[in-house]
Amino acid sequence: MFKEIEEKWQKAWENARIFEAEPNERQKFFITIPYPYLNGNLHAGHTRTFTIGDAYARYMRMKGYNVLFPLGFHVTGTPIIGLAELIAKRDQRTLEVYTKFHDVPMGDLIGLTTPERIVEYFAKEALNALKRIGYSIDWRRSFTTMDPPYQKFIEWQFWKLKELGYIEKGSHPVRYCPNDQNPVEDHDLLMGEEASIVEFTVIKFRLENSDLIFPCATLRPETIFGVTNIWLKPTNYLIAKVDGEKWVVSKEAFEKLKFMDRDLEFVKEVDGREFIGKRVMVPLVNRLVPILPAEFVDTDNATGVVMSVPAHAPYDYVALRDLNAKIEPIVIISSGNKDVPAKEVVEELKVKDQNDPELEKATKMLYKKEYHTGIMLENTGKFAGMKVSEAKDKVEKELKELKLADVFYEFSEKPVVCRCGTKCVVKLVEDQWFLRYSDEHWKAKVLEHLERMRIIPEYYKEEFRNKIEWLKDKACARRKGLGTKIPWDKEWLIESLSDSTIYMCYYILAKFINSGELKAENITKEFLDYVLLDKGSLELAKSSGLSKETIEKIKGEFQYWYPVDLRSSGKDLVANHLLFYLFHHVALFSEKHLPKAIAVNGYVSLEGQKMSKSKGPLLTMKKALEIYGADVTRLYILHSAEYDSDADWKSREIEGLASNLERFYSLVSDHYSRDPEKITTLDRWLISRFNRAVKEVREAMDKLQTRRAVNYAFFEIMNDVRWYLRRGGKNLSLILDDWIKLLAPFAPHICEELWHLKHSTFVSLESYPEYDPSKIDEHAEKAELYIAKLLEDIKEVMKFVEKPKVVYIHPAEEWKCKAFEIANEKGIGEAMKWLSMQNIDKAEIANFSKKFRSAELIKDEKKIIEENIEFFERELQIKVSLDSSKIPVERKRLAMPGKPAIFVSS
RNA sequence: GCGGGGGUUGCCGAGUGGAAAAGGCGCAGGGCUUAAGACCCUGUCCCGUAGGGGUCCGCGGGUUCAAAUCCCGCCCCCCGCACCA
């Protein structure tokens with residue numbers, strides 16, 4: 001454990017303010033990671049994303065960039081309020097999760113009954129952990145999203161978006177608890193977390209000679225051409241006035257309609273059976289069809305009234321079969337079927353009656369098949385020949401335009417139950433504010449900018465393209481939670497994914513805010529227009545009440561630092577935050593201030609188990625630091641997985657790493673100050689190998705491949721160092737300065753400590769080792785490989801000798817090397833020609849030429865062996881001799897360039 | 001279903017046309033040690049009494065002198081499909 005060392009250098013860095021970035025003449029590099037949301041302690045997932053960011057920040061700093069690496073805290077939204085309520089209620093499960101997994105002492109926890117206290121508590125905890133892990137963050141720029149200046153900033157942002165026409169009103173369906181009178185999120189649910197909101201099309205069938213409407217709910221409006229009848233369950237229904245029309249709906253449907261922004265009025269209860277046998281008009285098709293009874297109708301699904309398309313809906317087909325009704329299915333879609341499609345699938349699955357559970361499967365099979373491969377037949381009028389997927393949308397659109405259809409929202413799975421025990425409903429929230437992400441021009445601009453960006457890993461660019469196209473309008477206002485009010489409509493709060501899209505530029509303001517130079521009241525529209533957008537003028541910006549100098553200074557710093565050069569984030573934010581980040585920047589900022597690069601990393605699981613903030617298991621950053629310390633934790637998480645692949649935190653592995661790091665520490669302390677001795681081939685080998693590693697590490701880090709980087713910077717070099725010492729190397733200190741620097745971005749504390757054994761500067765500010773191709777020594781590398789291979793071969797041979805006494809080694813004769821050299825330069829033909837002119841036994845030549853492939857030319861083989869004979873003897877614990885006279889001829893013959901003959905006597 | 005990623009030796013994972021398998025973890029043996037831990041070495045697909053031979057990268061085909069790598073077909077796994085941070 002390196003606790004003292006780590007804390008010592010954390011203090012030293014803080015006192016020397018080395019991570020506080022100010023504009024200067026150097027090239028800047030602005031790196032950000034998403035600020036954490038403070039409804040709990042930071043965990044291993046944060047540890048991964050943040051450590052990648054910090055390692056890169058440190059790397060870039062050592063490469064000579066002026067690096068800005070700031071971090072704030074996100075507190076807007078509902079979860080913090082939800083948590084405060086749960087704690088106030090003494091919710092058992094919450095108390096358990098937070099004491100057990102978030103490592104919050106019960107005594108502290110029960111006091112956290114207001115959002116303010118939660119924010120205060122977890123902000124402090126987060127800051128402690130983030131400092132204890134030694135991130136090179138400029139803490140002068142920290143803030144939370146509830147700070148008044150931040151809110152002023154967000155208000156400005158929303159005014160701007162509104163002016164651009166990117167915000168407008170609309171309505172939106174949400175999952176809603178009628179008891180709590182609130183939208184519910186996944187973690188508010190007792191049951192039905194997987195349920196999504198499905199949009200049913202309700203087609204209005206008018207009763208013959210009446211103004212009663214039977215609203216049939218369907219997911220397949222295109223099948224309207226095949227309707228032969230409609231279904232009612234033989235039970236009670238209600239007649240209700242819905243937006244002026246008289247609808248017949250189930251009781252459950254009536255309850256649901258109350259939440260769908262309708263003009264709704266109860267008329268009377270009726271027995272569904274009354275209508276059986278009467279006829280309704282199929283809209284668009286204008287055909288009269290009968291109303292029939294069916295048990296399979298679920299009154300708790302949508303309207304409880306269903307249209308019947310026996311040719312394409314297995315339920316309808318079977319229900320008619322059960323009734324023995326003389327009704328012929330009308331086939332309107334072709335998908336390679338020979339007979340009536342519903343009949344085919346029903347017979348294939350041997351469905352017995354309408355209560356057979358197989359029907360669900362049959363329905364899904366047929367739906368899938370027809371949706372993807374089906375073509376509309378001639379009897380569908382102008383939709384004939386269209387693909388089903390296309391016709392579906394067109395029919396629906398037309399019906400809606402003719403006021404013959406409506407929308408009804410329903411859950412995909414049921415029941416959906418709130419934690420309060422109430423059954424949830426779909427509520428249509430009206431007058432909701434939307435961000436118009438579907439805007440084609442906006443999208444086009446984002447896509448265009450994406451092409452200029454660097455996305456890491458590269459294949460995520462395609463993912464981003466797809467997600468940008470898929471993105472729809474997003475409700476950006478909430479009734480409940482923490483946040484900034486929509487400036488022109490104070491009833492609403494700005495939703496938390498929408499108030500965190502361009503805050504990276506706020507880090508530049510935050511420094512001035514925290515120093516007291518800039519106050520909330522100074523942050524006026526004109527000020528931000530001028531500073532961030534270079535619009536308006538200095539004169540107008542004086543509305544902020546700030547001096548000209550201050551305004552220009554802030555603006556200058558913004559122009560120096562912006563844009564963000566790299567945003568490094570977990571992959572869970574790709575489909576939301578990172579998209580919004582791009583959209584908002586593109587909408588507001590000029591091209592030169594748009595994001596340059598995005599990097600994405602994967603999740604962290606614990607011993608194979610998914611982590612969960614709200615349920616556990618969870619490993620907090622704090623706990624990891626207590627057990628393993630900063631450098632071990634950092635090195636481990638950086639090495640555990642690459643890019644977006646998920647990491648699995650295994651305590652066994654991190655313990656192994658801890659001992660590796662200790663070994664590094666003692667190894668370096670032992671050798672660092674030793675006086676240099678004469679440089680040998682072995683030393684040149686070490687330097688050569690080290691240089692290759694430097695190249696790898698730099699290439700890896702330039703692509704944010706921290707796993708590969710740590711692998712080379714730490715493990716591979718460690719292996720070479722072990723071999724070097726085993727071979728009797730004396731000058732390890734030759735590489736130690738550079739090795740410490742090479743590792744500094746990953747394990748900064750230990751490196752700082754070791755560095756100071758010899759230096760008085762901060763290694764964190766030293767320049768990163770450069771790859772020097774002139775230090776690559778091919779000969780030395782070949783020689784070491786030769787020795788290793790020879791050692792291995794001798795051991796292999798010794799295995800087969802019972803009591804080995806002496807190992808005789810015989811390198812290939814001069815003529816073999818010469819012939820091989822000729823073969824390499826001029827081809828085998830020339831070599832053979834040359835060989836035939838030498839005075840050498842023909843059989844020898846034939847034997848030798850067969851084995852050309854296994855040879856490799858190495859200079860001075862004999863000399864290499866001679867110089868290392870002691871090493872071989874030490875390793876093998878046996879006498880080693882170059883006296884070839886003791887070797888039998890048939891063994892001697894095996895000697896090839898690079899592969900000496902070996903004979904072990906017993 | 002759509003979109004993105006993936007299937008390599010006990011496990012995690014490198015490796016994208018030239019003798020497959022870096023590195024980590026685990027396991028086994030040996031060394032060191034009073035002992036344990038740490039540390040060092042060796043082995044870890046199969047066969048082999050001389051450094052060797054064989055098998056092998058989800059499955060099945062194909063291209064090539066040469067395929068984990070390229071092409072075609074198939075199977076399986078993970079993630080996203082939202083309004084939630």
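This is a short tour of an RNA strand, a pocket, two cavities and one helix residue in a predicted model.

**Stop 1: RNA strand B**

Start by showing RNA strand B and selecting the protein residues around it. The strand is surrounded by 53 residues, and the closest are Tyr 37, Lys 474, Asn 576, Arg 663 and Asp 793. Now colour the strand by its parts: of its atoms that come within 4 Å of the protein, sugar and phosphate make up 65%.

Next, zoom in on three pairs of atoms:

- Select Lys 472, where a polar backbone atom is 2.9 Å from a base nitrogen of RNA strand B.
- Move to Val 904, where a backbone N or O atom is 3.1 Å from a base nitrogen of the strand.
- Then pick Asn 660, which places a polar side-chain atom 3.3 Å from a phosphate oxygen of RNA strand B.

Zoom out and colour by element. Two or more residues of the surface near RNA strand B come from each of α14 (460-470), β21 (474-475), α22 (651-671), α24, α27 (778-798) and β32 (901-905). Which element gives the most to this surface? Select α24, which contributes seven residues. If you colour the surface near RNA strand B by class, you will find 23 charged, 17 nonpolar and 13 polar residues.

**Stop 2: the second largest pocket**

Leave the RNA and go to the second largest pocket, whose volume is about 1,200 Å³. To find its centre, select Phe 200, Leu 219, Asn 301, Glu 360 and Thr 363, the closest to that centre among the 36 lining residues.

Which elements should you highlight here? At least two lining residues come from each of β6 (197-207), β7 (212-218), β14 (306-308), α9 (314-323) and α11 (358-373). Helix α11 gives the largest share, six residues. Coloured by class, the lining shows 18 nonpolar residues, with nine polar and nine charged.

**Stop 3: the largest cavity**

The structure holds two cavities of 30 Å³ or more. Visit the largest cavity, with a volume of about 80 Å³. Select Arg 48, Ile 52, Ile 456, Ser 568, Ala 599, Val 600, Asn 601, Ala 641, Tyr 643, Leu 704 and Thr 706 to show its lining.

Both α2 and β26 (597-601) supply at least two of these residues, and the largest share, three residues, comes from β26. Seven lining residues are nonpolar, three are polar and one is charged.

**Stop 4: Thr 49**

Now select Thr 49 in helix α2 (residues 44-62). Is Thr 49 buried or exposed? Its relative accessibility is 8%, so Thr 49 counts as buried. Leaving out residues up to four places away in sequence, show what Thr 49 touches: Ile 33, Ser 568, Ser 569, Gly 570 and Asn 601. You have met Ser 568 and Asn 601 already, in the lining of the largest cavity.

**Stop 5: the second largest cavity**

Finish at the second largest cavity, which has a volume of about 30 Å³. Its lining appears when you select Leu 686, Arg 689, Phe 690, Ala 693, Ile 717, Asp 720 and Ile 735. Two or more of the lining residues come from each of α23 (681-702) and α24 (706-726). Helix α23 gives the most, with four residues. By class, this lining has five nonpolar and two charged residues, and no polar ones. Before you close the viewer, keep α24 selected and turn back to RNA strand B, as α24 also gives the most to the surface near that strand.

Definitions and conventions. Residues are numbered from 1 along each chain as its sequence is written. Chains are lettered from A and ligands numbered from 1 in the order in which they are written. This is a predicted model: local features need pLDDT of at least 70, side-chain atom pairs count only at pLDDT 80 or more; totals for chains, interfaces and linings use all residues. Side-chain values use heavy atoms; hydrogens and water are left out. On a 1 Å grid over the protein atoms alone, a cavity is a set of points where a 1.4 Å probe fits but cannot get out, and a pocket is an open set with protein on both sides within 12 Å along at least five of seven lines; lining residues have an atom within 4 Å of a point. Grid points are joined across faces, edges and corners, and a volume is the space filled by probe spheres set on the points. Ala, Val, Leu, Ile, Met, Phe, Trp, Tyr, Cys and Pro count as nonpolar, Asp, Glu, Lys and Arg as charged, and the others, Gly among them, as polar. Buried means under 20% relative accessible area, exposed over 50%, partly exposed in between (1.4 Å probe, protein chains only). Contact means heavy atoms within 4.5 Å. A residue is near a molecule or strand if one of its heavy atoms lies within 4 Å of it. A polar contact is a pair of N or O atoms within 3.5 Å; within protein, one must be able to donate a hydrogen and the other to accept it, and residues adjacent in sequence count only if both atoms are side-chain atoms.
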